[in-house]
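User: Please take a close look at the strand pairing at the start of this chain, and set it in context with the loops and the ligand surroundings. I would like one connected account rather than a list.

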Amino acid sequence: MRVLVTGAAGSLGRVVTAGLEGLGHDVVGLDLVPPPDGTTFAWHEVDCADADAIEAVFAAERLDAVVHLAGMPEERSLPEELTSHVLTTAALLDAMVAHDVPRLVYASSNHAVGRTPRADGELTEAALPRPDTYYGVAKVAAEALMRLFADRHGIDAVACRIGSFLDEPTSLRALSTWLSHGDGVRMVEAALTAPAPGFAVLHGISANTRAWWDLEPGRRLGYEPQDDAEAYAGRIEPRPDDEAEAEFVGGPFATAQFHRPA
Ligand code: 15L
């Protein structure tokens with residue numbers, strides 16, 4: 001597959017581009033910044049929110065799929081969030097329809113449902129939107145766009161509600177929410193290659209012993225995580241925030257200190 005990866009210079013992007021190349025895909029990178037040293041695949045230095053620039057990339061490349069990882073990873077103002085996550089996704093989806101690119105894999109986030117209380121029990125992919133931040137609001141809206149384009153245009157669109165993509169878990173919460181590098185690649189590969197998923201949601205976490213987010217939606221798409229944060233449990237020091245972070249899906253994004261003006 002020839003796959004456009006947005007946010008290719010980011011922490012997730014670097015791992016995913018290398019992983020997809022290793023799996024035999026032909027990768028095309030896209031980012032606001034130049035390619036990391038040593039990059040050998042095609043690269044476009046483009047702002048994903050610029051629909052004309054995105055259209056030009058699609059006109060220049062023959063693509064089979066898009067992996068959309070670009071976007072600010074934390075909460076900023078509502079307009080910035082909507083630009084970063086919603087307008088970028090819309091620009092890509094429009095170009096996909098115009099150029100017959102049938103599949104989008106999207107780095108959505110647990111923060112789309114981050115205000116869901118842990119006391120509600122296991123988190124399933126059917127959880128209603130319950131964002132914990134404007135970041136989460138924008139992820140919900142991006143997922144809604146994906147669903148619209150799946151229904152209206154037949155695009156296969158997999159929203160990966162990612163937990164904590166880190167080299168290794170660094171907090172008590174991350175023992176539940178960790179997504180390892182290897183599982184991040186496995187997750188994207190499954191979402192790229194699952195037969196006819198339509199619009200689908202999966203939880204982007206590893207096979208963590210302490211996980212309380214349902215792994216079955218991912219398994220139905222062929223995502224079989226191999227790593228377990230428990231291997232690092234002995235290294236995690238308790239922190240005063242642990243209790244508050246355990247209350248909601250979104251952990252620190254859902255705590256009382258995290259309120260921002262729109
Ligand atoms: C995310 O979606 C964020 O981009 C990242 O900064 C972390 O907060 C992560 O979720 C998480 O929930 O650990």
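Analyst: Helices and strands are here DSSP runs, of at least four residues (H or I) for a helix and at least two (E) for a strand, and they are numbered from the N terminus. The model is a predicted one, and the account below should be read with that in mind.

The part you ask about can be described from strand S2, which spans residues 26-31 and is mostly covered, since five of its six residues are buried. Strand S1, residues 2-6, runs parallel to S2 and is joined to it by five bridges, with Val5 standing opposite Gly29 of S2. Between these two strands the chain passes through helix H1, residues 11-22, and the resulting β-α-β crossover is right-handed. S2 also pairs with strand S3, residues 42-45, again in the parallel sense and over four bridges, and there Gly29 stands opposite Trp43 of S3. Gly29 is thus a useful point of reference, as it stands opposite Val5 and also opposite Trp43.

As for the wider context, UniProt places a feature named "domain: NAD-dependent epimerase/dehydratase" at residues 3-163, in an unreviewed entry. Over residues 3-163 the chain is 39% helix and 20% strand, and the end C-alpha atoms lie 23 Å apart.

Two loop residues deserve attention for their backbone angles. Asp100, in the loop between helix H3 (78-98) and strand S5 (103-109), has a phi near 55 degrees, which is positive although the residue is not a glycine. Ala196, in the loop between helix H6 (181-193) and strand S9 (199-204), likewise is not a glycine and has a positive phi, of about 45 degrees. Are these two residues buried or exposed? Given that a residue counts as exposed if 12 or fewer other C-beta atoms lie within 10 Å of its own, Asp100 is exposed because it has 10 such neighbours, and Ala196 is exposed because it has 9.

Finally, the residues around the ligand are Pro73, Glu74, Ser109, Asn110, His111, Ile162, Gly163, Ser164, Thr177 and Gly251. By class, this shell divides into seven polar residues, two nonpolar and one charged.

Terms used: Residues numbered from 1 in each chain as written. Predicted model: local features only at pLDDT ≥ 70, side-chain atom pairs only at ≥ 80, totals over all residues. Near = placed C-beta within 6 Å. Nonpolar A, V, L, I, M, F, W, Y, C, P; charged D, E, K, R; others polar. Buried ≥ 20, exposed ≤ 12 C-beta atoms within 10 Å, placed from the backbone. Pairing = 2+ DSSP bridges. Right-handed = clockwise from strand over helix to strand, strands pointing away. UniProt positions renumbered as here; feature names shortened; annotations may be inferred.
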